[in-house]
Amino acid sequence: MPFERYSEPSAPPSSARFSPPVPMDATAGTPRLPASLPLRSVCRIVRQMVCELVQLFGDRVVLRRDRRRLSCHVRQIAMYVCHVALQISMSDIGEAFGRDRTTVGHACHVVEDRRDDLAFDEFISAVERIVTAVFGLSEVVAHD
């Protein structure tokens, strides 16, 4: 699993770190160590990326009434992508988003149900590819 959760003695419980797989240096055969990111930062980056992509590809004008709904959809998609593409546990995602793990499970079910729509499925697949490219994950299970 590409994510490890650990706590330093003086660090708060939200200090979980993101460590992408360590790529091997082809010439020396030694691993190149990437910088670690806190899981909260990883989730925040994913959420911001989803928000930007939704605004980029969204064809609806966001009305005042729909603004809250749109932010909920963005959060649900970000939670889903963090869980599926980055393989972060639901408990860690919930902690990073300030929600419960059951809320993350609900978000994953909602997004999974919406993937029956071909356009939405293509959008989610594109988001997954972008997120895995940004965080340098080479082995990601494709969505069936």
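## Cysteines and disulfides

Start with the cysteines: this is a predicted model, and its disulfide count is zero. A disulfide is a covalent bond between the sulfur atoms of two cysteines. The cut-off used here is 2.5 Å between the sulfurs. For Cys 43, the closest cysteine sulfur belongs to Cys 82 and sits 3.8 Å away, so that pair is too far apart for a bond.

As for surroundings, Cys 43 is buried, with just 2% relative accessible area. Cys 72 is partly exposed, at 24%.

## The overall layout

Zooming out, the chain has five helices and three strands. Read from the N terminus, the order is β-β-β-α-α-α-α-α. The chain has 144 residues, and 34% of them are buried.

## A salt-bridge network around Arg 115

How many salt bridges are there in this model? The count is two, and Arg 115 takes part in one with Asp 121 and in one with Glu 128. Side chains of opposite charge can pair when their charged atoms come close. Between Asp 121 and Arg 115 the N to O distance is 2.6 Å; for Arg 115 and Glu 128, the closest N and O atoms are 3.2 Å apart. The Arg 115 and Glu 128 pair ties together distant parts of the chain, with Arg 115 in the loop between H4 and H5, Glu 128 in helix H5, and 13 residues from one to the other. Because they share partners, the salt bridges join Arg 115, Asp 121 and Glu 128 into one network.

Is Arg 115 buried or exposed? Arg 115 is buried, with a relative accessible area of 6%. Glu 128 counts as buried too, at 10% relative accessibility. Helix H5, where Glu 128 is found, covers residues 118-134. Glu 128 also has a contact partner of sorts in Ala 85: their C-alpha atoms are 5.8 Å apart, although 43 residues separate them along the chain.

## The negative patch

On the surface, Glu 112, Asp 113, Asp 116 and Asp 117 gather into a patch of negative charge. Asp 113 belongs to helix H4, which runs over residues 101-114. Its relative accessibility is 57%, so Asp 113 counts as exposed.

## Helix H3 and its surroundings

Helix H3 spans residues 90-97, and its buried residues are Asp 92, Ile 93, Gly 94, Ala 96 and Phe 97. An α-helix has 3.6 residues a turn, so residues three or four places apart point the same way. What happens to the backbone just after H3? There, Gly 98 takes a positive phi of about 75 degrees.

Ahead of H3, the loop that follows helix H2 (64-84) holds Gln 87. Most residues other than glycine have a negative phi. Gln 87 is not a glycine, yet its phi is positive, at about 55 degrees. With 26% relative accessibility, Gln 87 counts as partly exposed.

H3 also has a link back to helix H1 (residues 39-57), where Ser 41 lies. From Ser 41 to Ala 96 is 55 residues in sequence, while their C-alpha atoms are 8.1 Å apart in space. Ser 41 itself counts as partly exposed, at 22% relative accessibility.

Terms used
Residues are numbered from 1 along each chain as its sequence is written. This is a predicted model: local features need pLDDT of at least 70, side-chain atom pairs count only at pLDDT 80 or more; totals for chains, interfaces and linings use all residues. Side-chain values use heavy atoms; hydrogens and water are left out. Patches are made of residues with over 30% relative accessible area and no salt bridge: like charges are joined within 9 Å, nonpolar side chains (Val, Leu, Ile, Met, Phe, Trp, Tyr) within 5 Å. Accessible areas come from the Shrake-Rupley method with a 1.4 Å probe; for residues, only the protein chains shown count as cover. A salt bridge is a side-chain nitrogen of Lys or Arg within 4 Å of a carboxyl oxygen of Asp or Glu. Lys and Arg count as positive and Asp and Glu as negative; His and the chain ends are not counted. The place of a charge is taken as NZ of Lys, CZ of Arg, CG of Asp or CD of Glu. Helices (H or I, at least four residues) and strands (E, at least two) are DSSP runs, numbered from the N terminus. Buried means under 20% relative accessible area, exposed over 50%, partly exposed in between (1.4 Å probe, protein chains only).
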